[in-house]
Every structure is written in structure tokens, then in C-alpha cells.
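Here are some notes to read alongside the structure. Have the sequence open as you go through the points.

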Amino acid sequence: MGAGKSTVGRLLADRLGRAFVDLDERIASEAQATIPELFAEEGEAGFRRREAALLAEVIAEGAQVVAPGGGAPCHGDNLERMLASGVVAYLSSSVDEILARVGAAADRPLLAGPGDRRATVERLLQARQAHYQRAHFTVETSGIPPSQVVARLIAELGA
């Protein structure tokens, strides 16, 4: 969340000449509802089922750049599918950077509403870290322009 997956993913796909899929955008488009609406109507469990089904479809479509939601690799066998189907990069950001990027977080169901957003981001990162560390490689994005993050990804990919 807020690490730059969508922005960097679009740029990377363009550089590689591949299609780009923002999984959350595609979920919202196919459901004809926003992510917060889906969370409200289906709960997180319902959303995660929808996300896993669409991830499987996207993977079957072949080579492309996919930006999954931050929780996608942490549920079911999503991460195993991702690792088996291509190269998985973890875009890492500091808590301060994430908070700055997500702003008011009205479109982020896990951050919306009352409560300490910093504590929520810290808790989510801690809970997800073991999954994220299984990525093929990590690229830090804090304070780094998207074009430089893409250059680092290109270097890691050897493309």
C-alpha cells in the first residue's frame, strides 16, 4: 500500500513493452464498484476471494506487469501462484513514505475511518513482511522517483 506499485508498474510495463494490470482497478471495473464498496458489501474475506479468482485469471493471460493490492500475496495461495508464474518484486517503502503517499486514505478500506493510521500501517507491514520477503527481489522506493525505481527493476530483471 502506497509503495508505488501502480505508478511504477505502468512505467515498467511501458519500458518492457508489456500490458499492465492494476489488480484493484480491474476488480473494481469488473464488479462495477469501488474497493471500499466491495469491502463494505462483501467484507475483507469476500474481497480476498474475488481478488484470488481474478489473480488466477490474470496470471493465465501470460506475460505482463501486474500490480496486486498489498494484501494479495498474503492470502491463500496467491503468492505461490505469483512466484511460479513470473518474477515478483517487492517495492518497499518506509511507514512515513506510505502515509504521505496514501493521503487521507478514503479509498483504502484498511486505513479508512477512525484510528491511528501509523499504527495500522506498521501492523500491516509487520503482518505481511514474511510474505513480502519471499519476493525474488526487493527495491526500496522511499524518496526515490518512479523512473529510478523502474531503472532499478530493469537492472534486477536484466532486461
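1. Start with helix α6, which gives the lining of the largest pocket its largest share, six residues. Bear in mind while looking that this is a predicted model. In the numbering used here, α6 covers 117-132.

2. Which other elements help to line that pocket? Besides α6, at least two residues each come from α1 (5-16), α3, β2 (65-67), α4 (78-85), β3 (89-92) and α7 (146-157). So if you colour the chain by element, expect both helices and strands around the largest pocket, β2 and β3 being the strands on that list.

3. As for the pocket itself, its volume comes to about 990 Å³. The lining counts 43 residues, and those nearest the centre are V66, P68, V87, V88 and A89. By class, the lining splits into 30 nonpolar residues, ten polar and three charged.

4. Stay with α6 for a moment, and bring in helix α5 (residues 95-102). The two axes cross at roughly 120 degrees and come within 10 Å. Angles from 65 to 115 degrees would count as roughly perpendicular, and α5 and α6 are therefore called oblique to each other. The crossing of α5 past α6 is right-handed.

5. Who touches whom there? On the α5 side you'll find V95, D96, I98, L99 and V102, and they meet R117, R118, V121, E122 and L125 of α6. Sorted by class, this contact holds six nonpolar and four charged residues, with no polar ones.

6. Next, look at α3 (residues 35-60), another of the elements lining the largest pocket. What angle do helix α2 (residues 23-31) and helix α3 make? About 110 degrees, with the axes 10 Å apart. The pair is therefore roughly perpendicular, and α2 goes past α3 in a right-handed crossing.

7. The residues in that contact are worth picking out on screen. From α2 come L23, D24, R26, I27, A28, E30 and A31; from α3 come I35, L38, F47, R50, E51, L54, L55, E57 and V58. Ten of the residues in the contact of α2 with α3 are nonpolar and six are charged, while none is polar.

8. Finally, α3 also packs with α4. Their axes come within 10 Å and cross at roughly 10 degrees, which makes α3 roughly parallel to α4. E51, A52, L55, A56 and I59 of α3 make this contact with N78, R81, M82 and S85 of α4. Here the classes come out as five nonpolar, two polar and two charged residues. Notice that E51 and L55 appear in the contact with α2 and again in the contact with α4.

Conventions
Residues numbered from 1 in each chain as written. Predicted model: local features only at pLDDT ≥ 70, side-chain atom pairs only at ≥ 80, totals over all residues. Heavy atoms only, no water. Axes fitted to C-alpha atoms, helices over the stretch in contact; angles between N-to-C directions. Helix = DSSP H or I, 4+ residues; strand = E, 2+ residues; numbered from the N terminus. Parallel < 35°, antiparallel > 145°, perpendicular 65-115°, else oblique. Left-handed = near helix turned anticlockwise from the far one by under 90°. Contact = heavy atoms within 4.5 Å. Nonpolar A, V, L, I, M, F, W, Y, C, P; charged D, E, K, R; others polar. 1 Å grid on protein atoms, 1.4 Å probe; cavity = no way out; pocket = protein on both sides within 12 Å on 5 of 7 lines; lining within 4 Å. Points joined across faces, edges and corners; volume = space filled by probe spheres on them.
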